[in-house]
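Colleague: I would like to go through this structure with you, starting with the aromatic rings and then moving on to a helix and a pocket. Could you give your reasoning with each answer?

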Amino acid sequence: MIALLSSPRFIEWRRFAFAFTSRFGSTFLSFLVMLVASRLLSTHEYGLYVFLFSIGSALGLIAVLGQQILVVKHYRRDADGDDQVNRALIRLNAEWLMAGCGVLSLCAAGLFLEAERLPYPYDHLWVAFLFAAVFALSEYLQNYFRIHGSINLSLLPREIVWRSACIAAFYGASMFGLMSGGAAAMVIGTLLLGAATTYQAVCFFKDEGLRWLKPRKGEETPREWRAESGYFIANNVLNSAQAYLETILIGALLGLEQAGFYFVAVRISMLLTLPVTAIDTVGIPLIAARFQNDDRAGAQRLIGRLSMGAFCISLVGALGLAVVGPFVLELFDEHFARDADVLVVLCALAVSQAFFGPGSWLLMIGGGEKFFLIVRSVMFVVYLGLLWQLGRTFGLIGIASAGLLFAVASNLAAARWIAGAWGIDNMATAFIRPFMFGGAPRASDAPNTRFRASMEAAE
């Protein structure tokens, strides 16, 4: 029994189970934060809170400037504590993060000083920009600790502690009359996220010290890192747009009440993406280990199992939400249930994401970031057209449908690149191909050394 518990395979799946549990706790707590805020605020003020939160989250994902992907791709976890590559990487990460967070902080200060001259609700934008600066740093630190295998430091501060603290603080602020509106709720959330991120930053400096601040003689930053950062930034812009653009546009064009409903529906549907986030957190390093051991067949089997497992769990959850969704929406506002069909479309989007498993991460750290950027940029133009046309014709359900089409098209493009470049099928159907479709997908004849090298740091 002791040998079993200490075996590498058991440790791998224990980490996966812990990541899944943490992600479930995070999503559940996120649900509770939304519910508490909706109960303590009017529908209009809750819509303002959602509007500011969406802008802040979108800008934060952009302002991290791709460094959260760069550190996962290149950090050498097994190197000694004074590794030259790691020092140069951390220094580059810090430079880009200071630039991104610095610009957001300056914008927040300017918007705060000019708040009285701005129309409602844009007079509260300063808090969204301040939140974005903190969120960007938090996003980087989350991925830094992830590659070290420190799931506790990666997930618990922001995903569990911060959200739990928000729930308690919202109730406390309401009792003392400080929960005056959506902007006040955002200020509270920003301060608490800053505290959680500060704790992660302290742990970061304990790990890395200050030796990376000054380059040593002959120590240079590889030029390709800066080029990769550019591609990652552009892809982050598209990811942020896909995640938050719809809610922001609804708030700006259709009203804050509509934005509040749509944000709630999106967050409920995100329950179905829990298996995918667990794969991203733990599964990618497991897959990388198999490639580094030249076990491509093993990598294919693992990817197929993870994708199929994620798809099945998400599909069952979607069927359940189709039944109980209207009742869940009523918990937030009695009028939200009338648009339950929008939730069904968003659930279909989440299930489609689970079907493609870890496809986007495999592509991004496997060298396909340029391809993905070009293809998704073209798709994004089409998506904006669909968003406008379907939104104008069908309303909220049209906007949700545009997001579904964009997500499916993006994942299909990623799957095609992965299959062509590495001979890997990342879709859920890869699990049943050996049983029903004449065998496993044919592996590419090209050597996988490039893939192994690019994923080395994700181990």
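Colleague: How many aromatic pairs does the structure hold?

Modeller: Please keep in mind that this is a predicted model. Rings are taken as a pair if their centres lie within 6.5 Å. The number of aromatic pairs that the structure holds is 20.

Colleague: Taking the rings of Phe-53 and Phe-131, is the pair stacked, edge-to-face or tilted?

Modeller: The ring centres of Phe-53 and Phe-131 are 5.4 Å apart, and their planes stand at 45°. Planes under 30 degrees apart would count as stacked and those over 60 as edge-to-face, with the rest falling in between. The angle of 45° therefore makes the pair of Phe-53 and Phe-131 tilted.

Colleague: How many residues apart in sequence are the parts that this pair ties together?

Modeller: Phe-53 belongs to helix α3, which covers residues 43–63, whereas Phe-131 belongs to helix α6, which covers residues 125–147. The pair therefore ties together parts whose separation in sequence is 78 residues.

Colleague: Is Phe-131 buried or exposed?

Modeller: A residue counts as buried under 20% relative accessible area, and the value for Phe-131 is 1%. Its partner Phe-53, with a relative accessible area of 9%, is buried as well. Phe-131 is therefore classed as buried.

Colleague: How are the rings of Phe-131 and Phe-135 arranged, stacked or tilted?

Modeller: Phe-131 and Phe-135 are four residues apart in helix α6, a separation of about one helical turn, and both are buried. Their ring centres lie 5.8 Å apart with the planes at 25°, so the arrangement is stacked.

Colleague: Which residues do ring pairs link into a cluster with Phe-53, Phe-131 and Phe-135?

Modeller: Ring pairs join these three Phe residues to further aromatic residues in one cluster. The others in that cluster are Tyr-46, Tyr-49, Trp-162, Phe-170 and Phe-263.

Colleague: Turning to helix α16, what span is expected at 1.5 Å a residue?

Modeller: Helix α16 runs over residues 396–422 and has 27 residues, and from its first C-alpha to its last it reaches 39 Å. Just after α16 comes Gly-423, with a positive phi of about 65°. The reach of α16 is close to its expected span, which is 39 Å.

Colleague: Which helix gives the most to the lining of the largest pocket?

Modeller: The largest pocket has a volume of about 250 Å³, and its lining divides into eight nonpolar, two polar and one charged residue. Both α9 (223–254) and α15 (369–394) supply at least two lining residues. With five residues, the helix that gives the most is α15.

Definitions and conventions. Residues numbered from 1 in each chain as written. Predicted model: local features only at pLDDT ≥ 70, side-chain atom pairs only at ≥ 80, totals over all residues. Heavy atoms only, no water. Phe/Tyr/Trp six-rings, centres within 6.5 Å; stacked < 30°, edge-to-face > 60°. Buried < 20%, exposed > 50% of the residue type's maximum accessible area, 1.4 Å probe, protein only. Expected span 1.5 Å × (residues − 1). 1 Å grid on protein atoms, 1.4 Å probe; cavity = no way out; pocket = protein on both sides within 12 Å on 5 of 7 lines; lining within 4 Å. Points joined across faces, edges and corners; volume = space filled by probe spheres on them. Nonpolar A, V, L, I, M, F, W, Y, C, P; charged D, E, K, R; others polar.
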